[in-house]
Structure formats: C-alpha cells, structure tokens
Amino acid sequence: MTNIVRIPVSALEVGMYITDINNAWVPDNNLSRKGLIKNAKVIEQIIKLGVTEVYIDQGRGKAAEVGLSLSDINRRQAEQLQALVARPYERPSAKSVFDQALVEAKKIQSEATELVSKVMMDAKLGLPLDFGPAQETADAILESLKSNQNALLCVTQLRTKDRYLLEHSFNVSVLMGVLASSLGFHGRELQALVSGALLHDVGKIRVHDNILHKPGGLTPEEWEEMKRHVTYGEEFLCQDDSLAPEIIEICAQHHERLDGSGYPRGLSAEQLPLHTRMASVADVYDAVTADRVYHQGMAPTTALKKMLEWSDAQQLDKNLVYQFIRCVGVYPPGAVVLLSNHRLAVVVSEHPSLMDKPVVKVVYHLDQRLLLPPYPLDLSEHACEVTITRAVDPRQYGLEALTLLNAAL
C-alpha cells in the first residue's frame with residue numbers, strides 16, 4: 001500500500017500503472033480502470049471520461065513527482081469519520097417497533113419496484129407518464145420513514161443483481177427522503193424530491209440491454225449511448241408539463257459533478273441546485289454499494305469513506321456528504337460489523353445520538369464458523385461490554401451479505 005498514491009490525471013504518464021483502488025470513477029461506467037499505461041492515447045481516453053484523479057502503483061510502474069499516499073488518504077478518512085462520530089446528532093425517534101415496520105417496508109419496496117417497472121415500460125412503449133402512482137409511492141415511503149426509518153434503510157440492502165435497476169430507483173428515493181427530511185424539506189417539496197429520485201433512472205429503459213448489462217468493458221460508442229439515459233429520461237418526463245421542475249432536474253442532473261466532470265452537460269457547482277446535489281449523493285452511495293455484473297459492491301462504511309474522498313475532490317458536495325453520513329450513520333442500517341466478542345452482526349437500528357452504539361442483530365460466530373439464531377444486542381446499554389471493532393465485508397470471511405441480512409431480517 002505504501003507504493004500507491006493518488007495523482008491528478010494531468011500528471012499521468014506512459015509507463016505508470018493504474019490500480020483499481022478507486023474503481024468507481026464514474027459509478028455507471030464499466031470500462032476497465034487498471035493496468036499499465038502503454039501509450040498516450042489511453043491517457044486521452046481517461047481524460048475524456050471526465051476523470052480528475054487516479055491511483056497509481058509505483059511498485060509496478062513509473063513513479064510520480066506529485067501525489068498523496070493511500071495511507072495518508074485512509075488516515076484522513078478515518079479522522080473525518082471519527083469527528084462525525086464524536087459530534088452529537090439527534091435522529092428522528094422511531095414511532096413503531098422495528099419488526100413491525102420491517103414488514104411494511106418490504107411491502108413498500110415491492111410496490112415501488114413494480115411501479116418503476118411499469119413506468120419504464122410505458123416510457124419504452126411511448127405511453128404518457130401517469131404520475132399519480134409515483135406520488136402515492138413517494139407518500140408511502142415518507143410515511144414509513146416517519147414511522148421507523150431504520151426498517152426502510154435495512155430493506156435497501158436486500159437486493160439482487162438482476163433487479164438492480166428497479167431496486168436502485170427505490171433505494172435512491174428512500175435515501176433522498178432521509179437526507180431531504182434531515183435538511184428540513186417538507187410537504188409538497190419533499191414529496192417532489194422523493195418522486196424525482198424514484199424516477200431518476202427512467203431513461204435507462206431506452207438503453208439496449210447489451211450495453212446496460214454488458215459484463216465487459218464498454219466501447220467509447222457504447223459509453224456515449226449509456227450516458228444518453230439521462231437525456232432519454234429527461235425527454236420522457238418533460239412530456240408532462242405539470243411535473244415540479246425539481247423532478248425533471250433530478251433526472252437531468254444527477255450525474256453532474258461540482259468540478260464540471262459529470263454528464264450530460266458538464267455543469268459545475270454554481271449551476272447545480274441543492275436538490276440535484278442531494279440526488280447525486282444518494283445515487284452514488286447506492287450505486288457503489290450494489291453488486292452488479294461488472295462491479296462488486298463496497299461495504300456501506302467503505303462507501304461512505306470513498307464519498308468523503310470524492311467530496312474532497314470537488315465531485316460531491318462535502319456538506320451534503322457529511323449530512324448524509326449523520327443521517328444514515330457511520331454504521332448504516334444493513335451494514336455488517338465485527339463485534340469485540342468475535343461475532344458478526346447486522347446493524348438494524350441507530351441510536352438517536354450515538355453513532356457507534358446502534359442496535360444490532362448477532363448472526364454469526366466467527367470462531368465456530370456457524371450461523372447463529374439471530375438475537376438483538378443494544379450496544380448503548382450500560383451493562384453491554386460488547387463494542388464494534390469495525391465494519392466488514394462478509395466476503396472476506398467467505399460469507400455473502402445477503403445471507404446474513406436474510407438471517408437478521
């Protein structure tokens with residue numbers, strides 16, 4: 001790791017070796033992102049992608065004169081997260097018990113994904129948008145979040161690769177609801193933001209499946225077509241002149257970046273309203289935590305650290321990333337954590353103010369390599385001597401996150 005440094009693309013040279021440490025430059029792009037730079041044309045292609053920084057391995061290629069070491073970056077991220085943990089933050093109190101709210105949350109997820117599927121099919125067939133059901137779904141999501149947001153956040157982690165597009169739309173709407181509510185949005189404006197998040201990827205239905213689900217690298221032409229999903233979605237939504245402008249803007253701008261490196265218009269900070277910056281944060285988080293045919297998802301806490309890095313690089317709004325972390329927690333509901341007693345547990349409920357002391361469900365005994373009958377453990381209880389050692393990716397133990405989530409939920 002001491003050989004790995006982050007450099008600006010302007011410092012890239014032939015002979016350098018790009019690593020896959022930062023392999024989510026553009027979450028919807030599945031171009032190969034690692035290997036030895038053999039000619040200047042490769043550097044030109046990277047720059048055309050809008051990439052501003054890359055990681056290089058100086059032990060496998062030419063060294064750089066500028067850059068920040070990976071160890072320094074990791075230390076800075078840890079310090080930023082620790083500072084957030086130490087800062088008091090009051091989350092909304094749950095109005096219903098978790099298990100009861102979870103049943104309702106799963107029902108809402110099913111109904112929402114069915115709705116997104118229908119809207120996308122209507123878009124494909126050239127039928128007009130029926131916005132009423134989307135509003136009703138947004139209202140149901142918001143009502144569930146008021147009741148117990150932990151349940152809906154846990155459900156966003158219950159997903160399968162072949163339903164990514166539908167589940168991603170639902171997940172982003174939930175995350176938008178959490179973030180927007182924490183910022184004081186309410187009423188029709190809050191409903192519009194959640195509705196816009198629910199419909200933000202509707203244009204992907206017009207991108208051919210051979211491109212959308214291609215397991216290998218996209219050609220430059222295929223990547224240009226992939227990026228057009230934003231324009232396709234905007235065109236579809238603009239047919240309904242009764243839609244709130246925020247809904248259309250979320251669709252049109254959720255891939256724009258503060259530094260101007262995004263698409264389709266290359267807008268920069270001063271041109272991006274608050275709600276589209278919020279959509280970018282929610283969209284990126286869910287995209288990089290999901291397993292896809294060409295992308296192995298990050299653990300939730302790892303994703304939050306990467307988002308801090310991207311906000312440092314002026315791609316995501318730093319204030320919104322900080323607020324997002326305060327909302328979902330350093331150990332978000334659905335995250336898998338290693339406990340000090342050598343058990344694995346799934347976070348199911350955040351403490352109202354202490355980020356490092358959530359309620360978890362213990363599901364796996366590491367020493368015995370055995371799935372356990374799940375049992376809750378409130379780490380904030382005075383008599384509880386168990387603490388979180390760190391967030392983990394279950395795959396490092398030969399386990400699947402979905403297996404542990406299903407056991408806990």
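Here are some notes to help you find your way around this structure, which is a predicted model.

1. **The overall build.** A good place to start is the whole chain. The protein has 14 helices and 10 strands. Its radius of gyration is 21 Å, close to the 22 Å that the globule rule gives for 409 residues, so the protein is as compact as a globular protein of that length. If you turn the C-alpha trace along its principal axes, the spans come to about 60 × 55 × 35 Å.

2. **Inside and outside.** Of the 409 residues, 57% are buried. The exposed surface amounts to about 17900 Å², and carbon and sulfur atoms supply 51% of that area. Take the contacts between residues at least 6 apart in sequence: 67% of them join residues at least 24 apart.

3. **The main core.** In soluble globular proteins, nonpolar side chains tend to be buried together. Here, the largest nonpolar core has 113 residues. Leu-237, Met-307, Phe-324, Leu-339, Leu-344, Val-360 and Leu-409 have the most contacts inside this core. Helix α3 gives the core its largest share, 11 residues. There is also a second, separate core of 14 residues, with Val-9, Leu-12, Met-16 and Ile-18 among them.

4. **A look at Leu-344.** Which residues does Leu-344 touch, once its neighbours within four places in sequence are left aside? Its contacts include Val-336, Val-337 and Leu-338, then Lys-361, Val-362, Val-363, Tyr-364 and Leu-366. Val-392, Tyr-397, Leu-399 and Leu-404 are also in contact with Leu-344.

5. **Helix α3 and its end.** Helix α3 covers residues 98-125, and two of its residues make a nice contrast. Ala-123 lies in this helix and, with 13% relative accessibility, counts as buried. Leaving out residues up to four places away in sequence, Ala-123 touches Val-202, Ile-205 and Phe-236. Leu-125 is also in α3, but at 59% relative accessibility it counts as exposed, since the cut-off for exposed is over 50%. Leu-125 joins Met-121 and Leu-127 in a nonpolar patch on the surface, and together the three have about 280 Å² of accessible area. For a sense of scale, the C-alpha atoms of Ala-123 and Leu-379 are separated by 47 Å, with their positions 256 residues apart along the chain.

6. **An enclosed helix.** Is helix α10 (residues 245-253) largely enclosed or largely open? Of its 9 residues, 7 are buried, so α10 is largely enclosed by the rest of the structure. The buried ones are Glu-246, Ile-247, Ile-248, Ile-250, Cys-251, Ala-252 and Gln-253. Around them you will find α5 (164-182), α6 (187-198), α9 (229-237) and α11 (274-289), the helices against which these buried residues pack.

7. **A buried serine.** Ser-144 sits in helix α4 (residues 132-155). Its relative accessibility is 6%, and so Ser-144 counts as buried. Beyond residues up to four places away in sequence, Ser-144 touches Ala-105, Ile-108, Gln-149 and Leu-152.

8. **A loop that meets distant sequence.** His-351 belongs to the loop between β7 (343-349) and β8 (359-365). Where is Glu-90 relative to His-351? The two are 261 residues apart in sequence, while their C-alpha atoms are 8.8 Å apart in space. Setting aside neighbours within four places in sequence, His-351 is in contact with Arg-91, Lys-357, Pro-358 and Ser-380.

Methods
Residues are numbered from 1 along each chain as its sequence is written. This is a predicted model: local features need pLDDT of at least 70, side-chain atom pairs count only at pLDDT 80 or more; totals for chains, interfaces and linings use all residues. Side-chain values use heavy atoms; hydrogens and water are left out. Patches are made of residues with over 30% relative accessible area and no salt bridge: like charges are joined within 9 Å, nonpolar side chains (Val, Leu, Ile, Met, Phe, Trp, Tyr) within 5 Å. Accessible areas come from the Shrake-Rupley method with a 1.4 Å probe; for residues, only the protein chains shown count as cover. A salt bridge is a side-chain nitrogen of Lys or Arg within 4 Å of a carboxyl oxygen of Asp or Glu. Helices (H or I, at least four residues) and strands (E, at least two) are DSSP runs, numbered from the N terminus. Buried means under 20% relative accessible area, exposed over 50%, partly exposed in between (1.4 Å probe, protein chains only). A nonpolar core is a set of buried Ala, Val, Leu, Ile, Met, Phe, Trp, Tyr and Cys residues joined through side-chain atoms within 4.5 Å. Contact means heavy atoms within 4.5 Å. The radius of gyration is taken over C-alpha atoms; the globule rule is 2.2 Å times the number of residues to the power 0.38.
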